[in-house]
Amino acid sequence: MFEKILIANRGEIALRVIRAAREMGIKTVAVHSTADSDAMHVRMADEAICIGPPPSNSSYLSIPAIISACEITGAQAIHPGYGFLSENPKFVQIVEDHGLKFIGPTAEHIRTMGDKISAKKTMQALGVPCVTGSEGGVDTLKEAYEIAESIGYPIIIKATAGGGGKGMKLALKREDLEEAYKMAKSEGRSSFGNEAVYMEKYLLAPKHIEIQVFGDGKGRAVHLGERDCSLQRRHQKILEEAPGPEINEETRQRIGKLCANAISKINYAGAGTIEFLYENDEFYFIEMNTRLQVEHPVTEAIYNVDLVKEQIRVAFGLPMSFIQEELKINGHSIEVRINAERLPNFNPCPGKITQFHAPGGLGVRMDSAIYDGYSIPPYYDSLIAKIIVHAENRSSAINRLKRALSELIVDGVDTTAPLFDPLLLEKEIIDGSYNIHWLENWLQASVENA
Ligand code: MV4
């Protein structure tokens, strides 16, 4: 096994990786910016190296600084966490060129899935169901009209390099198409330096269901069911759960096997997430994420697995520690994200935490890197904690979540925690029928009624 690994990340996910490594007897190296000298990941790792000034571009995204930190400390592999360099194929190539292991998929798989046109073509060819749309890119407005004619409105135009909702434009009718096409192209060019776009039928009220997959890079692959991540505000998830409240076992096995098969055929290595829109018991592929995701703990809870340990095993060349037949769901898990943001506008609210208490007790996990007296720096993502509950069924999980939230104390900064008290009383949350538009509508109504 590796003797020492470097974690190219910060915050709760850096702790998550350090914990897995320590249980495996692997030494850890933290890297940090000058803004993070007092951060918990620096304290918790066996060693820490300062890699630059506060802005991410000069520290957590600095490839030379991170490679140098490996060479100085003798770390043999790099875990990227999520965000930052986790889906950067150039980084993976450089890591390998230096004789280091990247704990994740190959540069080639990351590159293929990072371009949404090539991701969709690949998945379609592997037998994964996709949204009806253009076959590949749409290069002229004339072509856009012809495709729209054949699939029918409403249409969505997406930049192939897009992400987080950027470079996505809706055309509800023929008159909207020209503007949508041009806007998607120009946003693709300005935000990502890539003006290639593609088209899809716009689904009106789907759920966002994602399938967790895992491969050993040698053709063995499994699925670990789905997560319902439909509760989003401006493409930021706020609550995730597994299993999906409206997904039955037959449906789960049907889509899960298709996904496991697909990644098996391409010898995919490590953790991956295949994202779908789900409507009327049908799945439509939209994107694949080639990283560990923020919400991975709900899958860990119900399948009783440690996805980070598996990532490290597979990166070293070992097989996964489970086979498909051993993966059985136990109970229900829900995660809520707590951000240092001020309601109702969700404006970032960095600053000093004057009092902190973490919830605990049976079936409660909190992944967080904050502590009493910690100052949240203004430079990075505002996620400060994830509360993950696990119980025998969904309604018990909701009750446990309410109980855990009632124990949380974060003073000194505003957080999104108060949002969950009214949210967890709503009918569509209690019955699990919410879709991708429900939260924004509810937030809008809350503001109007205030
Ligand atoms: C869609 C869609 C409806 N129809 N594609 C938003 C971000 C990107 N990941 C894909 N997105 C969407 N693609 C078709 N053909 C609706 C969305 C969408 C969405 C998807 C998942 C979760 C929240 C969302 C909020 C608005 C729009």
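Trainee: Which residue in S21 is the bridge partner of aspartate 367?

Mentor: Lysine 386. Keep in mind that we're looking at a predicted model.

Trainee: What makes S19 and S21 a pair?

Mentor: The bridge count. Pairing takes at least two bridges between two strands. Strand S19 (residues 364-368) and S21 have five bridges, running in the antiparallel sense, so the pair qualifies.

Trainee: How do you know that S14 and S21 pair?

Mentor: By the same test: at least two bridges are needed, and strand S14 (residues 332-339) and S21 have eight, again antiparallel. Therefore S14 and S21 count as paired. One of the bridges joins valine 336 to isoleucine 387 in S21.

Trainee: Why is lysine 386 called buried or exposed?

Mentor: The cut-off for buried is under 20% relative accessible area. Lysine 386 comes out at 0%, so it is buried. That residue lies in strand S21, and S21 (residues 383-391) is mostly covered, with eight of its nine residues buried.

Trainee: What does the side chain of lysine 386 make a polar contact with?

Mentor: The side chain of glutamate 12, at 3.0 Å. The limit for a polar contact is 3.5 Å, so the 3.0 Å pair falls within it.

Trainee: On to the ligand. Which of the residues around it come nearest?

Mentor: Lys158, Glu200, Lys201, Leu203 and Glu287, out of 15 residues around the ligand.

Trainee: What makes lysine 158 a polar contact of the ligand?

Mentor: One of its polar side-chain atoms lies 2.9 Å from a ligand nitrogen. With the limit at 3.5 Å, that distance is inside, so the pair counts. Glutamate 287 also brings a polar side-chain atom to a nitrogen of the ligand, at 2.8 Å. For lysine 201, a polar backbone atom is what sits 2.8 Å from a ligand nitrogen.

Trainee: How much of the ligand does the protein bury?

Mentor: Taken alone, the ligand exposes 520 Å², and the protein buries 90% of that.

Trainee: Which classes make up the shell around the ligand?

Mentor: Eight nonpolar residues, three polar and four charged. Strands S6 (155-163), S8 (197-201) and S13 (282-289) each give at least two residues to the shell.

Trainee: Which domains does the shell around the ligand draw at least three residues from?

Mentor: Domain 2 (132-201) and domain 3 (207-449), with at least three from each. The C-alpha centres of those two domains lie 30 Å apart. The domain assignment also gives a domain 1, covering 4-103.

Trainee: There's also a parallel sheet. What is its strand order?

Mentor: S3-S2-S1-S4-S5, five strands in an open sheet.

Trainee: Why do S3 and S5 stand at the edges?

Mentor: Strand S3 (47-52) and strand S5 (101-102) each have a single partner strand, so one side of each has no neighbour in the sheet.

Trainee: How do you know that S4 and S5 pair?

Mentor: They have two bridges in the parallel sense. The requirement is at least two, so S4 (residues 77-79) and S5 satisfy it. Alanine 77 stands opposite lysine 101 in S5.

Trainee: Now backbone oddities. What makes the phi of histidine 235 worth a look?

Mentor: Phi is near 65°, a positive value in a residue other than glycine. Most residues other than glycine have a negative phi. Histidine 235 is found in the loop between strand S10 (221-233) and S11.

Trainee: Why does histidine 235 count as partly exposed?

Mentor: Its relative accessibility is 43%. Partly exposed spans the range between under 20% and over 50%, so 43% fits.

Trainee: And why is asparagine 280 exposed?

Mentor: Its relative accessible area is 69%, and exposed means over 50%, so the label follows. Asparagine 280 also has a positive phi, near 50°, and lies in the loop between strand S12 (269-279) and S13.

Trainee: What kind of peptide bond joins alanine 242 and proline 243?

Mentor: A cis one, with omega about -5°. Most peptide bonds are trans. Proline 243 is in the loop between strand S11 (236-242) and helix H9 (249-265). Another cis bond joins leucine 343 and proline 344, with omega about 5°; proline 344 is in the loop between strand S15 (341-342) and strand S16 (347-348).

Key. Residues numbered from 1 in each chain as written. Predicted model: local features only at pLDDT ≥ 70, side-chain atom pairs only at ≥ 80, totals over all residues. Heavy atoms only, no water. Near = heavy atom within 4 Å. Polar contact = N/O pair within 3.5 Å; in protein donor to acceptor, adjacent residues only side chain to side chain. Areas by Shrake-Rupley, 256 points an atom, 1.4 Å probe, with all protein chains shown as cover. Helix = DSSP H or I, 4+ residues; strand = E, 2+ residues; numbered from the N terminus. Nonpolar A, V, L, I, M, F, W, Y, C, P; charged D, E, K, R; others polar. Domains from an automatic or database assignment. Buried < 20%, exposed > 50% of the residue type's maximum accessible area, 1.4 Å probe, protein only.
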